[in-house]
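Please open the model in your viewer and keep the selection tool at hand. The tour below goes from one stop to the next, saying at each what to select and what is there.

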Amino acid sequence: MINIDPDSPEYGKATRLDIGWGNFPIVHERRSWFANDDRPNGSNLMFETVDELGTGVDSNHDGELTKSNVYPVDGDPVDDLLTFYEMDTDTLIMQPLYPLREMTEYAVVLTERLVGADGTPVRSPFEYVNHGAQTDSLNRLVADGLLDPFGLAIEDVAFAWTFTTQSVTAD
């Protein structure tokens, strides 16, 4: 993730991300949260740890049968909990290690180096590596050489998108 806001003092700098490296631990020592808890062995409040699809029982009463977010499926809900990936929605979870600058535009750049279990690189869901509405912002990556410090060229980019953070102080 790269700061692409030319008005920012951190323009062109990368943001360090946690992708399941344990900087944000979510496993809790407490297992049972209330009397008659249907999940007395749950290790966290964020991810599913019971394979409801395998049992056919909606044991957390949310109206959906969900996959366990543990790998392997029969793994330990503490030691084998996936904190960087959400199995039910096929979502990669990345969190900045430090707060992002408010009202600042960032680019998330995924390269051909990010591959799936089958070895194929991640791909953009669009015809190009980004949505057309974000092309002008993403052009800064090339025009201002923001990929150069990372040893990357535009040909290495498989998928990219931008987002702008909100103000935390404005009314």
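Begin with the lining of the second largest pocket, where the residues divide by class into 8 nonpolar, 3 polar and 1 charged. Keep in mind throughout that this is a predicted model. To bring up this lining, select Tyr 85, Asp 90, Thr 91 and Leu 92, then add Leu 110, Leu 114, Val 115, Gly 116, Ala 117, Thr 120, Pro 121 and Val 122. The space they line, the second largest pocket, has a volume of about 300 Å³.

Keep Leu 110 selected, as this residue of the second pocket's lining is also listed among the residues nearest the centre of the largest pocket, together with Met 1, Leu 17, Ile 19 and Val 109. The lining of the largest pocket has 19 residues in total, and the space inside amounts to about 530 Å³. Which strand should you colour here to see the largest share of that lining? The answer is E6, which contributes 4 residues to the lining of the largest pocket. If you then colour the lining by class, you should find 15 nonpolar residues, 2 polar ones and 2 charged ones.

Now move on to the aromatic rings, of which the model has 3 pairs. Select Phe 126 and Phe 159, whose ring centres are 6.2 Å apart and whose planes meet at 55 degrees, so this pair counts as tilted. Phe 126 is found in the loop between strand E6 (105-111) and helix H2 (135-143), while Phe 159 belongs to strand E7 (residues 157-164), so the pair ties together parts that are 33 residues apart in sequence.

Add Trp 161 to the selection and look at its ring beside that of Phe 159: the centres are 5.1 Å apart and the planes stand at 45 degrees, so this pair, too, is tilted. With these residues shown together, you can see that ring pairs link Phe 126, Phe 159 and Trp 161 into a cluster.

As a last step, show the surface over the cluster and ask which of these residues counts as buried. It is Phe 159, because its relative accessibility is 15%, and the cut-off for buried is under 20%. Phe 126, at 38% relative accessibility, counts as partly exposed, and Trp 161, at 28%, is likewise partly exposed.

Notes. Residues are numbered from 1 along each chain as its sequence is written. This is a predicted model: local features need pLDDT of at least 70, side-chain atom pairs count only at pLDDT 80 or more; totals for chains, interfaces and linings use all residues. Side-chain values use heavy atoms; hydrogens and water are left out. Rings of Phe, Tyr and Trp (its six-membered ring) pair if their centres lie within 6.5 Å; planes under 30 degrees apart count as stacked, over 60 as edge-to-face and the rest as tilted. Helices (H or I, at least four residues) and strands (E, at least two) are DSSP runs, numbered from the N terminus. Buried means under 20% relative accessible area, exposed over 50%, partly exposed in between (1.4 Å probe, protein chains only). On a 1 Å grid over the protein atoms alone, a cavity is a set of points where a 1.4 Å probe fits but cannot get out, and a pocket is an open set with protein on both sides within 12 Å along at least five of seven lines; lining residues have an atom within 4 Å of a point. Grid points are joined across faces, edges and corners, and a volume is the space filled by probe spheres set on the points. Ala, Val, Leu, Ile, Met, Phe, Trp, Tyr, Cys and Pro count as nonpolar, Asp, Glu, Lys and Arg as charged, and the others, Gly among them, as polar.
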